[in-house]
Amino acid sequence: MKYMLIMRSTDEGRKAYEAMPFEQVIEAMGAYNEQLVNAGVLLAGDGLADSMADNFVVDFSAQPPVVTDGPYGETHELFNGFWIIEVSSKAEAELWATRCPLGPGSKLEVRRVTDMSDFADFADSPALQKQEELRARSEGA
Amino acid sequence: MGGGIRRSVDALWRVESAHIVGTLVRMTGDVGLAEDAAQDALLDALRQWPVEGMPRNPAAWLTAVAKRRVLDSWSRSRALDDRYRRLAEDLPDGHDWQPIPDDVLRLLFTACHPVLTREAQVALTLRLVGGLTTEAIARLFLASVPTIQQRIVRAKKTLGEARVPFETPEPAEWKARLGSVLAVIYLIFTEGYAATGGDRLIRSDLAEEALRLGRMLTGLLPREPEAHALVALMELQASRFAARVAPTGAPILLADQDRRRWDHSQITRGVAALDRADALGRGRGPYALQAAIARCHATAPTFADTDWGRIVTLYEALSQLAPNPIVDLNRAVAVSMVEGPDVALAAVDRLAESGALRHSPLLPAVRAELLARLGRGDEASREFAAAASLATNVAQREALLQRSRR
């Protein structure tokens, strides 16, 4: 089963991180990623930029949707990176998540990635098949 | 709480056992002793941790306790020799233990050593490197626990008797030994992927386990193109998992599969792995060629719209590198898509005359398919019936019989 490890940091967490020597941060994250690779569990992962100029939010409360710069302002915890791992149990996902080299002010939200078996009862639903088709196209394989 | 600890310990074992057992084999030179000591340490952990809590570094704790077990067994069974003294001196540092990735690699080469039968290599790899219990291996292979247990015990004994050293192979034998590791991992995969028996979810677990071992190998040997190629091949084949069996359990042929149900992120990963193999610039081995064929299928919008010409060329290269009648048969299928069923039929007939694949349903099934496409219905029916009589698996036999009645 697949899990997504979603990294979230508060302002405090990000400041603590910025105060650390860059080399040290890179080395700790590099070692963590290497462990994931060597264990054969890492499928994907990336960090997310937090520069204001690159990011925006689309709010669907109104039609047409409203686009604003973001995701700043009242954001308490910024989503700033993720990993997707494939493991054999929830406990194994927890083991990997707790090994992540993060400090105070940082959290990992760990979510199981759904697969078709979650929707087995609806496998013949035209809407679901359509969704799969779109997913296939968007990934452009 | 107890159940929680149990699950955490199981997860820890899955992740760390290869490092722990690897360390112990390096120190003792004895796979059997190392594994027994590690299992004893695990039992100690299950007794102590629920009461005392998990230690700060659980894997180091397990390694230190297992080392002590080894020393105990040595002091009972033989005089204090140098090895004993060295190990004893090493003990106080137990908690600073750091895993050494090369131990896992050495363990993998040991588990896949040529003194063992392929069956034994598979069981030992899953047990030592995959960290699976005997029960889990038995469940995955639809075998009884005593059968697997006996296989593992015998394999450890064979390794001991042959005095197989705990090391990565010398350059002269590297290629053959790596080939054995790749073959074991691929066999675990195909057992999960191709077998239609048993619970489908369980079979996909086996394929996932093989993928994990394959990815592990590419982490350990990033400069080996065939390791990346094997991962590519497995990702590309596994991407079709959801689409290849009908709700009734009947297999769905490639031509009839709903391509929307293929796992497209897995295809992307497979393509990337093949690119990594190619980027090493050392040419394509058998796994890379098979992965390249799988990529042609995985990236084709429809069955008809597949680059069959390229597939024919790839099968020809594969046949040169690793001659195999199944490859020739697959090549004939690809030829039928490019040059027509008549040309392909001639190739299949030559293959039949050579006596290859005499006991496999594959050859008559392909022949039948080609005859049907040529409008020779009666001959096709007879060939489908012949194929059905050779089929070993019920779902496959049913599907072939159905075709023969048309």
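# Report on a predicted two-chain model

In chain A, confidence is lowest in helix α4 (residues 126-139), with a mean of 58, and highest in helix α3 (residues 90-98), with a mean of 96. These values are pLDDT, the predictor's confidence in each residue on a scale from 0 to 100. Helices (H or I, at least four residues) and strands (E, at least two) are DSSP runs, numbered from the N terminus. The model is predicted, and local features therefore need pLDDT of at least 70, side-chain atom pairs count only at pLDDT 80 or more, and totals for chains, interfaces and linings use all residues. Residues are numbered from 1 along each chain as its sequence is written, while chains are lettered from A and ligands numbered from 1 in the order in which they are written.

## Confidence

The mean pLDDT of chain A is 83, and 78% of its residues reach 70 or more. For chain B the average is 90, and 92% of the residues score at least 70. The predictor assigns the complex an ipTM of 0.82 and a pTM of 0.87. Where pLDDT is low, the predicted coordinates should not be read in detail.

## The sheet of chain A

Four strands of chain A form an open sheet in the order β2-β5-β1-β6, with antiparallel pairing. The edges are taken by β2 (42-47) and β6 (106-112) of chain A; each has a single partner strand, so one side of each is left without a neighbour in the sheet. From one strand to the next, the twist averages 20°. Strands count as paired if DSSP finds at least two bridges between them; strand β1 (residues 2-9) of chain A and β6(A) pair in the antiparallel sense over seven bridges. In this pairing, A:Y3 stands opposite A:R112 in β6(A).

Helix α2(A) lies across β2 and β5 (78-86) of chain A and runs at about 160° to β2(A). Angles run from 0 to 180 degrees between N-to-C directions, and axes are lines fitted to C-alpha atoms, for helices over the stretch in contact.

Elsewhere in chain A, a cis peptide bond with omega of about -5° joins A:Q63 and A:P64. A:P64 lies in the loop between β3 (56-59) and β4 (66-69) of chain A.

## The contact between the chains

20 residues of chain A are in contact with 26 residues of chain B, contact meaning that the C-beta atoms of two residues, placed from the backbone, lie within 7 Å. On the side of chain A that touches chain B, the elements giving two or more residues are α2 (22-38), α3 and α4 of chain A. Among these, α4(A) gives the most, with six residues. This side of chain A divides into nine nonpolar, five polar and six charged residues. In this scheme Ala, Val, Leu, Ile, Met, Phe, Trp, Tyr, Cys and Pro count as nonpolar, Asp, Glu, Lys and Arg as charged, and the others, Gly among them, as polar.

## The helices of chain B

Chain B has 19 helices and zero strands. Its C-alpha atoms fill a box of roughly 80 × 45 × 40 Å, taken along the principal axes. Of the contacts in chain B with a separation of 6 or more, 62% involve residues 24 or more positions apart.

Two packed helices are described by the angle between their axes and the distance between the axes. The axes of helix α12 (residues 264-279) and helix α13 (residues 286-298) of chain B come within 10 Å and cross at roughly 145°. The contact is made by B:I267, B:G270, B:V271, B:L274 and B:A277 of α12(B) and by B:A288, B:A291, B:A292, B:R295 and B:A298 of α13(B). By class, this contact has eight nonpolar, one polar and one charged residues.

## Burial and backbone in chain B

Of the 406 residues of chain B, 43% count as buried. A residue is buried if 20 or more other C-beta atoms lie within 10 Å of its own, exposed if 12 or fewer, and partly exposed in between; C-beta atoms are placed from the backbone. Three residues of chain B are set out below.

| Residue | Location in chain B | Other C-beta atoms within 10 Å | Class |
|---|---|---|---|
| B:D10 | helix α1 (residues 2-28) | 20 | buried |
| B:L142 | loop between α7 (134-140) and α8 (145-161) | 13 | partly exposed |
| B:R163 | loop between α8 and α9 (171-194) | 8 | exposed |

The C-alpha atoms of B:D10 and B:I252, 242 residues apart along the chain, are separated by 37 Å. Phi of B:L142 is positive, near 50°, in a residue other than glycine. B:R163, which is not a glycine, has a positive phi of about 50°.
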